[in-house]
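Student: I'm new to this structure and would like a close look at one part of it. Could you walk me through it slowly?

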Amino acid sequence: MTFILQLERVRKAFGGLIANKDVTLRVPAGKIFGLIGPNGSGKTTLFNSIVGHHPIDGGSIRFDGREISRLRVPEIARLGLLRTFQQTRIYGGMTCLQNMVISVPTSELGWRSMFSRSPPEDLRRAEDLLDFVGLGPKRHLRAGDLSFGQQKLLELAMALMSRPKMLLLDEPTAGINPTLINGLLDRLRRVNQQLAITLLVIEHNMGVIMNLAEYVYCLAHGELLAEGNPEQVQKDPKVLDAYLGAR
Amino acid sequence: MKAPPFRHMAVAAVLALALLVPVLAPAYRSQLALLWVMIVFALTWDLLGGQMGYNSFGNVLFFGVGMYACVIIQRDAGLGYFTGLFLGSGAGALLAAALAALLGSGILGLRGHYFAIGTLGLGIAAGELASGWQFVGGGGGMVPPLFPGEVGGRETFFYYLSFALAAVTLPFLRWLYASRFGLVLNAIRDDEDKAEAMGLRTTRYKTTAWCISAFFLGLTGGAVGNLLGFVDPREVAFAGSTFGVWMVLMAILGGKGTLWGPVIGAAVFHLTKELFWTYLLGWQRVALGLLIVVIVVFFPVGILGWARERWPERFGHRIDEAEAGP
């Protein structure tokens, strides 16, 4: 099995607070893996470390066979490893369509193409992806005027627009209307299968992660507490303790 | 998007009127030449301040550098008047752009208020440097060579030169904002961290944008030095408290981040300012100060920004079908 993402003993401390303590984690290409853990367990810090948001204090991070722990955010993004944010981030002052067409892979943004308009095939693909997440009718609205849930869907569509190899999704269902969650999960599975994009998903909603991921890592207090398929992890007494407090 | 025919006609009418000013209103040639200069000021400021969200208070630096470079070349290169003026302005523009590239790599790493404060010092420092440097005339400044033509020809020439500057800058920016580059600038304005997370080389684009802004300001500097007939380090070239602040105000008044906002803002501001100087002499600076307060309090998003909030559909922000998505 080839691993697209490999973390070996990744360590990150903020002053005296050790946010990630020797975390080792592997994600094979083409799979959907989950990352769970109580609030403050270091999940988002781990995402930030992977995408180069801050330097790590020790360990190694390999993506697609290449050491990336010293690279910076845009460089890692250009290798095809993208993240979405827990606090959704979109370009609020621009229309949804503009948000999409500027999210094309940066390899397509050379100097010459930079100073021309977006080609029609980009517009077509942007509209297809907006339809895919159900935002087609709102494509000319300012993204900042969308609801939080809609912005989340737009952010997913933007990530897809840039043809990534792997996506790190930070709580993709938070703030989304429960009746729409199933639709979103179905879309994430299609993203994984049809577009062959590997997913690593942070999620608090246990129903969602059990349903979506085939393998789950659980963090607590910055350490890897448990791993395994969702059923195993869900029954693991250590995981129950971490979430509900020791009995 | 097809522009309605009346818009073409309006543009044609304004163009015709602008070209006929020296015939129709010869007494106002210098005032109106300055109006075109103000429009260039507001447009070039808005490239960073409005489109990219980087409020620069130091853009006047590039204006002053262009002005000095032009007048030095006119003085020392031994060329004819017009050759000296055109080559000098061009060299000034290139020098200003190069300076922006150099400064940008450092200062554009600052964000938000820090960038604004960082740029605030630029114009002041340049003014002090120029007034202590004898080669450029020190505190007394410099005087460009005399215009060679007959009486009155000078005003007409500089009117058309200023008009040409505005008439080149506006369509250039219109083209730029319609390109992907314009979208990247907007993306940086809305969320620079997101733009980086999407792989965009933000520093490169920010620096390029500042260079473009500096280029047009440098070009304008050469023309204005000759139009006014003298180059003073603090009052004209690096006039942070007048030109430097007006750039910002005009763009805000008209509507930051829009193409036509700075044009409208510059026109309204310049006209009001000239009326104050004519009818409220003695109190003109007080009136101007009050105007500035009124702008910031009542038009925080500017004239066009206000219109866009009021009638979003007119600006293309609409839902396409009756039913909406999730």
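Student: Let's zoom in on chain B: in which helix does G123(B) lie? And please take me on from there through the surroundings.

Tutor: Happy to. Keep in mind that this is a predicted model. G123(B) sits in helix α5 of chain B. With a relative accessible area of 5%, G123(B) is buried, because buried means under 20%. Once the neighbours within four places in sequence are set aside, the contacts of G123(B) are V60(B) and F238(B). Now look at P233(B): 110 residues separate P233(B) from G123(B) along the chain, and their C-alpha atoms are 10.0 Å apart.

From α5 we can step over to α4. Helix α4 of chain B covers residues 81-107, and its buried residues pack against α5 (112-131), as well as against α3 (60-76), α6 (153-178) and α9 (202-228) of chain B. There are 27 residues in α4(B), and from the first C-alpha to the last the helix reaches 37 Å, close to the 39 Å expected at 1.5 Å a residue. Its buried residues include several glycines, namely G84(B), G88(B), G92(B) and G104(B). Alanines turn up there too, with A93(B), A96(B), A97(B) and A100(B) among the buried residues. Others on that list are Y81(B), L85(B), S89(B) and I107(B).

Pick out L85(B), since it belongs to helix α4 of chain B. L85(B) has a relative accessible area of 0%, so it counts as buried. Not counting residues up to four places away in sequence, L85(B) touches C70(B), Q74(B), F157(B), F158(B), L161(B), G222(B) and N226(B). One of those partners, N226(B), is 141 residues from L85(B) in sequence, yet the two are 8.3 Å apart in space, C-alpha to C-alpha.

For a contrast, try A13(B), which lies in helix α1 (residues 5-24) of chain B. A13(B) counts as partly exposed, because its relative accessibility is 46%. Between A13(B) and V71(B) there are 35 Å in space, C-alpha to C-alpha, and the two are 58 residues apart in sequence.

Next, see how some helices of chain B cross one another. Helices α2(B) and α11(B) pack at an angle of about 75°, with 8 Å between their axes. They are therefore roughly perpendicular to each other. On the α2(B) side, the contact is made by M38(B), F41(B), A42(B), W45(B) and D46(B). On the α11(B) side, F243(B), W246(B), M247(B), V248(B), M250(B) and A251(B) take part. Sorted by type, the residues of this contact are ten nonpolar, no polar and one charged.

Helix α11 (residues 240-254) of chain B also packs with helix α14 (residues 302-310) of chain B, at an angle of about 20° and with the axes 3 Å apart. That makes α11(B) and α14(B) roughly parallel, because angles under 35 degrees count that way. The contact uses I252(B), L253(B) and G254(B) of α11(B) together with G302(B), I303(B), L304(B) and G305(B) of α14(B). Four of these residues are nonpolar, three are polar and none is charged. Within α14(B), the residues G302(B), L304(B), G305(B) and A307(B) are buried. The buried residues of α14(B) pack against α11 of chain B and also against α12 (261-279) of chain B.

One residue from the α2(B) contact leads us to the core. F41(B) is among the residues with the most contacts inside the largest nonpolar core, which has 149 residues. Y91(A), M100(A), L154(A), L167(A) and L199(A) are the others named there. Helix α2 (residues 29-49) of chain B gives this core its largest share, 14 residues. There is also a second, separate core of 26 residues, including L35(A), L71(A), I76(A) and I202(A).

Since L167(A) came up, here is its company in chain A. Apart from neighbours within four places in sequence, L167(A) is in contact with L82(A), L156(A), A159(A), L160(A), I197(A), T198(A), L199(A) and L200(A).

A last stop is a loop of chain A. A196(A) lies between α7 (178-194) and β8 (198-202) of chain A, in the loop there. Its phi is positive, about 55°, although A196(A) is not a glycine. A196(A) is exposed, with a relative accessible area of 54%.

Conventions
Residues are numbered from 1 along each chain as its sequence is written. Chains are lettered from A and ligands numbered from 1 in the order in which they are written. This is a predicted model: local features need pLDDT of at least 70, side-chain atom pairs count only at pLDDT 80 or more; totals for chains, interfaces and linings use all residues. Side-chain values use heavy atoms; hydrogens and water are left out. Axes are lines fitted to C-alpha atoms, for helices over the stretch in contact, and angles run from 0 to 180 degrees between N-to-C directions. Helices (H or I, at least four residues) and strands (E, at least two) are DSSP runs, numbered from the N terminus. Angles under 35 degrees count as roughly parallel, over 145 as roughly antiparallel, 65 to 115 as roughly perpendicular and the rest as oblique. Contact means heavy atoms within 4.5 Å. Ala, Val, Leu, Ile, Met, Phe, Trp, Tyr, Cys and Pro count as nonpolar, Asp, Glu, Lys and Arg as charged, and the others, Gly among them, as polar. The expected span of a helix is 1.5 Å times one less than its number of residues. Buried means under 20% relative accessible area, exposed over 50%, partly exposed in between (1.4 Å probe, protein chains only). A nonpolar core is a set of buried Ala, Val, Leu, Ile, Met, Phe, Trp, Tyr and Cys residues joined through side-chain atoms within 4.5 Å.
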